[in-house]
Amino acid sequence: MAPSRRQLLRFAALGAGGLVLESLAPRAAAAAEGDLAERLSVCRPSGDPLQELLRRNRDFCRVWQAAERSEDPVDRATLLHDTWPLHCQVRPDALAAGQRPWASVLCCADSRVAPEWIFACGSGELFEVRSAGNTAFAEGIASLEFAVAELAVPLILVMGHSGCGAVTAAMATEPLTPLLEDLVAPIRATLQPGADLAQAVRTNAAAAAADLPRCSGLLRDAVADGRLQIQAAYFDIGSGEVSLV
Ligand SMILES: [Zn+2]
């Protein structure tokens, strides 16, 4: 018999270790799964995940702004690498068997927007969906459905950023390729007359955050049940600061 969609999702959530667990006696499998869940949760904050992201971002900001004061690229890299003690890291053997991220970030593909740096997180903490302009595209929404339904992620942060090229392209009149026209179309739909780039980025992030529960019944139900918070945010590349929209 072909595996059900739920079985496939479960396999994907647990990775290859899922097959091992399924073959154990039920009680031993439950104990092993419980132990794995515990090991995967060592970096999970006990408090509000949104406040934890913002707290870690403040740590990042201090180092990011200090790096600006150095003329030496190696010194700047050293300063940034000194943020690693702020990070928590799940054991690699646990990550090889599964994942238990505690926040999702829908953000731009821009090379300057790296959620693990911005939020001082290690592997296995953030479930990321990235696309130029951080719109709520179908495959991205499906990915977030997986994060919420199978990984119990309690927060989706939709994060735009300063100097976004996709939003700039949406505001401009230059012709684009057909695929890029498709990409910027939902951004164009959110543009307000007279808005500058920063305002347009914020509006676009808020619109994408609103689109998620509107386009997905699964996400809508999770929000209604109190299992999921969706929040829009803005990342300022110059200061390193993430502010809520
Ligand atoms: Zn961008």
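Where do Arg-62 and Asp-59 lie, and how many residues apart are they? Both belong to helix H4, 3 residues apart, which is about one turn of the helix.

This report describes a predicted model, in which local features need pLDDT of at least 70 and side-chain atom pairs count only at pLDDT 80 or more, while totals for chains, interfaces and linings use all residues. Residues are numbered from 1 along each chain as its sequence is written, and side-chain values use heavy atoms, with hydrogens and water left out.

**Salt bridges**

The structure holds 12 salt bridges. A salt bridge is defined here as a side-chain nitrogen of Lys or Arg within 4 Å of a carboxyl oxygen of Asp or Glu. The table presents three of these pairs.

| Salt bridge | Closest N and O atoms |
|---|---|
| Arg-55 and Asp-59 | 3.6 Å |
| Arg-62 and Asp-59 | 2.7 Å |
| Asp-110 and Arg-112 | 2.8 Å |

Salt bridges that share partners join Glu-52, Arg-55, Arg-56, Asp-59, Arg-62 and Glu-125 into one network.

Helices (H or I, at least four residues) and strands (E, at least two) are DSSP runs, numbered from the N terminus. Arg-55 and Asp-59 are separated by about one helical turn, because they stand 4 residues apart in helix H4 (residues 49-68).

Accessibility is described in three classes: buried means under 20% relative accessible area, exposed over 50%, and partly exposed in between (1.4 Å probe, protein chains only). Asp-59, at 12% relative accessibility, counts as buried. Of its partners named in the table, Arg-55 is partly exposed at 38%, and Arg-62 is exposed, with a relative accessible area of 54%. In the pair of Asp-110 and Arg-112, Asp-110 is buried at 14%, whereas Arg-112 is partly exposed at 42%.

Another residue of helix H4 is Arg-56. Its relative accessible area is 6%, so Arg-56 counts as buried. Contact means heavy atoms within 4.5 Å. Leaving aside residues up to four places away in sequence, Arg-56 touches Cys-43, Trp-102, Ile-118, Phe-119, Ala-120, Cys-121 and Glu-125.

**Packing of H4 against H5**

Helix H4 packs with helix H5 (residues 73-81) at an angle of about 170°, their axes being 9 Å apart. Axes are lines fitted to C-alpha atoms, for helices over the stretch in contact, and angles run from 0 to 180 degrees between N-to-C directions. H4 is therefore roughly antiparallel to H5, since angles over 145 degrees count as roughly antiparallel, under 35 as roughly parallel, 65 to 115 as roughly perpendicular and the rest as oblique.

On the H4 side, Phe-60, Val-63, Trp-64, Ala-66 and Ala-67 meet Arg-76, Leu-79 and Leu-80 in H5. By class, this contact has 7 nonpolar, no polar and 1 charged residues. Ala, Val, Leu, Ile, Met, Phe, Trp, Tyr, Cys and Pro count as nonpolar, Asp, Glu, Lys and Arg as charged, and the others, Gly among them, as polar.

**The zinc site**

The zinc ion has Cys-108 (SG), His-161 (NE2) and Cys-164 (SG) as its protein donors, lying 2.1 to 2.3 Å from it. Donors are N, O and S atoms within 2.8 Å of the metal (3.2 Å for Na, K and Ca); water is not among the atoms, so sites may look incomplete. The sequence spacing of the donor residues is C-x52-H-x2-C. Cys-108 and His-161 link distant parts of the chain, 53 residues apart: Cys-108 is in the loop between strand E1 (103-107) and helix H7 (115-118), and His-161 is in strand E3 (residues 155-161). Cys-108 is buried at 4% relative accessibility, and His-161 is buried with a relative accessible area of 0%.
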